[in-house]
Amino acid sequence: MKKILPVCLLLSVLSVVSGGCVAIVAGGAAGAGTVAYIKGVASQDFPDSLQQTNRAAQLALNTVAGGYTVAEDKQNTLYATNANGKKIAITLEEKTEGITKVSVRVGTFGDEQLSRRILNEIGKNLK
């Protein structure tokens with residue numbers, strides 16, 4: 001109980017400081033599987049190269065976000081939009097060799113559910 005209290009306090013402070021837009025879910029192996037959703041952006045590290053993760057992200061857009069088309073792929077960011085004009089940006093950052101951080105923003109203010117589905121699909125495409 002003594003170890004849980006500081007964590008709860010920290011999460012409470014983070015929630016207040018960020019305007020209540022903090023959600024962190026743990027799971028998976030070390031360095032992968034942890035999803036953070038902060039201020040409209042969902043992020044996760046994947047134990048794969050930047051090139052492999054980019055391909056997996058493109059496939060995920062086609063699978064999860066049906067009807068979306070990749071408009072651009074520049075400087076490790078995929079931009080996509082659907083017929084209604086809703087935009088998705090997937091940013092890939094090589095943290096170290098073999099570890100790629102993926103950040104997903106849907107629309108202006110974010111869509112946590114769709115962002116998490118996209119990250120989940122990227123993970124499936126990398127297996």
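**Exercise 1. Place Ser115 in the chain and decide whether it is buried or exposed.**

Step 1. Ser115 is found in helix 3. Helices (H or I, at least four residues) and strands (E, at least two) are DSSP runs, numbered from the N terminus.

Step 2. A word on what you are looking at: this is a predicted model, in which local features need pLDDT of at least 70 and side-chain atom pairs count only at pLDDT 80 or more, while totals for chains, interfaces and linings use all residues. Residues are numbered from 1 along each chain as its sequence is written, and side-chain values use heavy atoms, with hydrogens and water left out.

Step 3. Ser115 has 0% relative accessibility, so Ser115 counts as buried. The cut-offs are under 20% relative accessible area for buried, over 50% for exposed, and partly exposed in between (1.4 Å probe, protein chains only).

Step 4. Now look at the surroundings. Not counting residues up to four places away in sequence, Ser115 touches Tyr37, Ala42, Val104 and Val106; contact means heavy atoms within 4.5 Å. Ser115 and Val41 are 74 residues apart in sequence, yet their C-alpha atoms are 7.7 Å apart in space.

**Exercise 2. Describe helix 3 as a whole: its span, its cap and its cover.**

Step 1. Check the span. With 15 residues at 1.5 Å a residue, helix 3 should span 21 Å, and its end C-alpha atoms are 21 Å apart, which agrees. The expected span is 1.5 Å times one less than the number of residues.

Step 2. Find the cap. At the N-terminal end of helix 3, Asp111 acts as the cap, with a side-chain oxygen 3.3 Å from the backbone nitrogen of Gln113.

Step 3. List what is hidden. The buried residues of helix 3 are Leu114, Ser115, Ile118, Leu119, Glu121, Ile122, Gly123 and Leu126. Their cover includes strand 2, strand 3, helix 2, strand 6 and strand 7.

**Exercise 3. Work out which elements build the largest nonpolar core.**

Step 1. Start with the fold order. The chain has three helices and seven strands, and along the sequence they follow the pattern α-β-β-β-α-β-β-β-β-α.

Step 2. Identify the core. The largest nonpolar core has 23 residues, and those with the most contacts inside it are Ile88, Ile90, Val102, Val104, Ile118, Leu119 and Ile122. Such a core is a set of buried Ala, Val, Leu, Ile, Met, Phe, Trp, Tyr and Cys residues joined through side-chain atoms within 4.5 Å.

Step 3. Name the suppliers. At least two residues each come from strand 2 (35-38), strand 3 (41-46), helix 2 (50-64), strand 5 (77-81), strand 6 (87-96), strand 7 (99-106) and helix 3 (112-126). Helix 2 gives the largest share, six residues.

Step 4. Zoom in on one member. Beyond four places in sequence, Val102 touches Ala42, Ser43, Gln44, Phe46, Thr53, Ile90, Thr91, Leu92, Leu119 and Ile122.

**Exercise 4. Find the backbone partners of the Thr100 side chain.**

Step 1. Thr100 lies in strand 7 and is buried, with a relative accessible area of 0%.

Step 2. A polar atom of the Thr100 side chain lies 2.8 Å from the backbone oxygen of Asp48. The backbone oxygen of Ser49 lies 3.5 Å from a polar atom of that side chain.

Step 3. Leaving aside neighbours within four places in sequence, the residues in contact with Thr100 include Gln44, Phe46, Leu50, Thr53 and Leu92.

**Exercise 5. How many salt bridges are there, and which residues form them?**

Step 1. Apply the rule: a side-chain nitrogen of Lys or Arg within 4 Å of a carboxyl oxygen of Asp or Glu. The count comes to two salt bridges.

Step 2. One salt bridge joins Asp45 and Lys95, with the closest N and O atoms 2.9 Å apart. Asp45 lies in strand 3 and Lys95 in strand 6, so the pair ties together parts that are 50 residues apart in sequence. Asp45 counts as buried at 18% relative accessibility, whereas Lys95 is partly exposed at 44%.

Step 3. Glu112 and Arg116 form a salt bridge too, at 3.0 Å from N to O. These residues are four apart in helix 3, so about one helical turn separates Glu112 and Arg116. Glu112 is partly exposed at 30% relative accessibility, and Arg116 is partly exposed at 23%.

Conventions: Polar contact = N/O pair within 3.5 Å; in protein donor to acceptor, adjacent residues only side chain to side chain.
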